[in-house]
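Here is a short report on one protein model. It covers burial, strand pairing, charged contacts and aromatic contacts.

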Amino acid sequence: MRPWVFIRAIIPASLALAIVSAPGFPDPVPTPKPWVGRVAEVMTAETLKVQRYGHGAMVIGLAGIAAPRPEEACRVAARHFLAELLGVGDQVEIHRLGVQDERGRHWAWAYTVSAPILNASLAMTRAGLARYRGAPCHPYCQTLIEAQEAAQVARRGCWREPSEK
C-alpha cells in the first residue's frame, strides 16, 4: 500500500484540507534562490527598492519587523539608519521568503554585502528602530524577539523616554 493511500484512509480529505489551509500554515512555496542587487531607493524604514542585475527593480519588505508608525518621533531616525546601513547604490543580498504582501512587497532578509555582513532586520531591531512583527520571520523569530527586548531594556532608539530623545 502506498503511504498516501494509508494517510488518506485515516484522515478525511476535508480535515486534511482544513489543516493545510489553516491560518499559520501558508501555502508551500519554494523559497527563491538568494540574489545580489543594488539598492535603488530606501522607501521607508522597512521597505527597499532593489535593482536586480539583469532584471527590473523589486520592492522588498524587511522580514520580521515593523517600522515606527508615522506618529512616532523615531520614524525619521529609523529611515536614516536603514539608509546608512543599505544606502542607494549599495550592494545588498536578498533572501526572499516566497511571500508577498497586499502592497506588492516581497518579504525578504536583506544583508549587507560588505563587511561586516549584517541582517538589516536584526540591525534595525537591535538599534531599537524597528519592532518585532512576527511571521514571516523564520529562522530569526526568536533572535528578533531577544533583540527587541534588549533594545527596550537598554532604552535604545524608539524605546527611549520622550525626554531622552
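Buried means under 20% relative accessible area, exposed means over 50%, and partly exposed lies in between (1.4 Å probe, protein chains only). Tyr140 is partly exposed at 24%. This is a predicted model: local features need pLDDT of at least 70, side-chain atom pairs count only at pLDDT 80 or more, and totals for chains, interfaces and linings use all residues. Residues are numbered from 1 along each chain as its sequence is written, and side-chain values use heavy atoms, with hydrogens and water left out.

**Fold**

The protein has 5 helices and 7 strands. Helices (H or I, at least four residues) and strands (E, at least two) are DSSP runs, numbered from the N terminus. Their order along the sequence is α-α-β-β-β-β-α-β-β-α-β-α. Of the 165 residues, 36% are buried.

**Strand pairing**

Two strands pair if DSSP finds at least two bridges between them. Strand β1 (residues 35–42) runs antiparallel to β5 (residues 91–100) over 4 bridges. Here Gly37 faces Val92 in β5. β1 also pairs with β2 (residues 47–52), again antiparallel, over 5 bridges. A hairpin through 4 residues joins β1 to β2. Its bridge partners include Val42 with Leu48 and Arg38 with Gln51. β2 in turn is antiparallel to β3 (residues 57–62), with 5 bridges. Val50 stands opposite Met58 in β3. The β2–β3 hairpin has 4 residues between the strands, and Gly54 there takes a positive phi near 80°.

**Salt bridges**

A salt bridge is a side-chain nitrogen of Lys or Arg within 4 Å of a carboxyl oxygen of Asp or Glu. The model has 5 salt bridges. Among them are these three:

| Acid | Base | N to O distance |
|---|---|---|
| Glu46 | Arg105 | 3.0 Å |
| Glu46 | Arg133 | 2.9 Å |
| Asp101 | Arg105 | 2.7 Å |

Glu46 sits in the loop between β1 and β2 and Arg105 in the loop between β5 and β6, so their bridge ties together parts 59 residues apart in sequence. Glu46 also bonds to Arg133 by a salt bridge. Arg133 lies in the loop between β7 and α5, so that pair ties together parts 87 residues apart in sequence. Glu46, Asp101, Arg105 and Arg133 are linked in a network of salt bridges.

Which members of this network are buried? Glu46 is, at 9% relative accessibility. Arg105 is buried at 6%, and Asp101 at 12%. Arg133 is partly exposed, at 35%.

**Aromatic contacts**

Rings of Phe, Tyr and Trp (its six-membered ring) pair if their centres lie within 6.5 Å; planes under 30 degrees apart count as stacked, over 60 as edge-to-face and the rest as tilted. The count is 1 aromatic pair. Trp109 and Tyr140 form it, edge-to-face, with 4.8 Å between centres and 80° between planes. The partners are 31 residues apart: Trp109 in strand β6 (residues 106–112), Tyr140 in the loop between β7 (131–132) and α5 (141–154). Trp109 is buried, at 3% relative accessibility.

Arg52 places its charged end over the ring of Trp35, 4.6 Å from the ring centre. A charge sits over a ring if NZ of Lys or CZ of Arg is within 6 Å of the ring centre and within 35 degrees of the ring normal.
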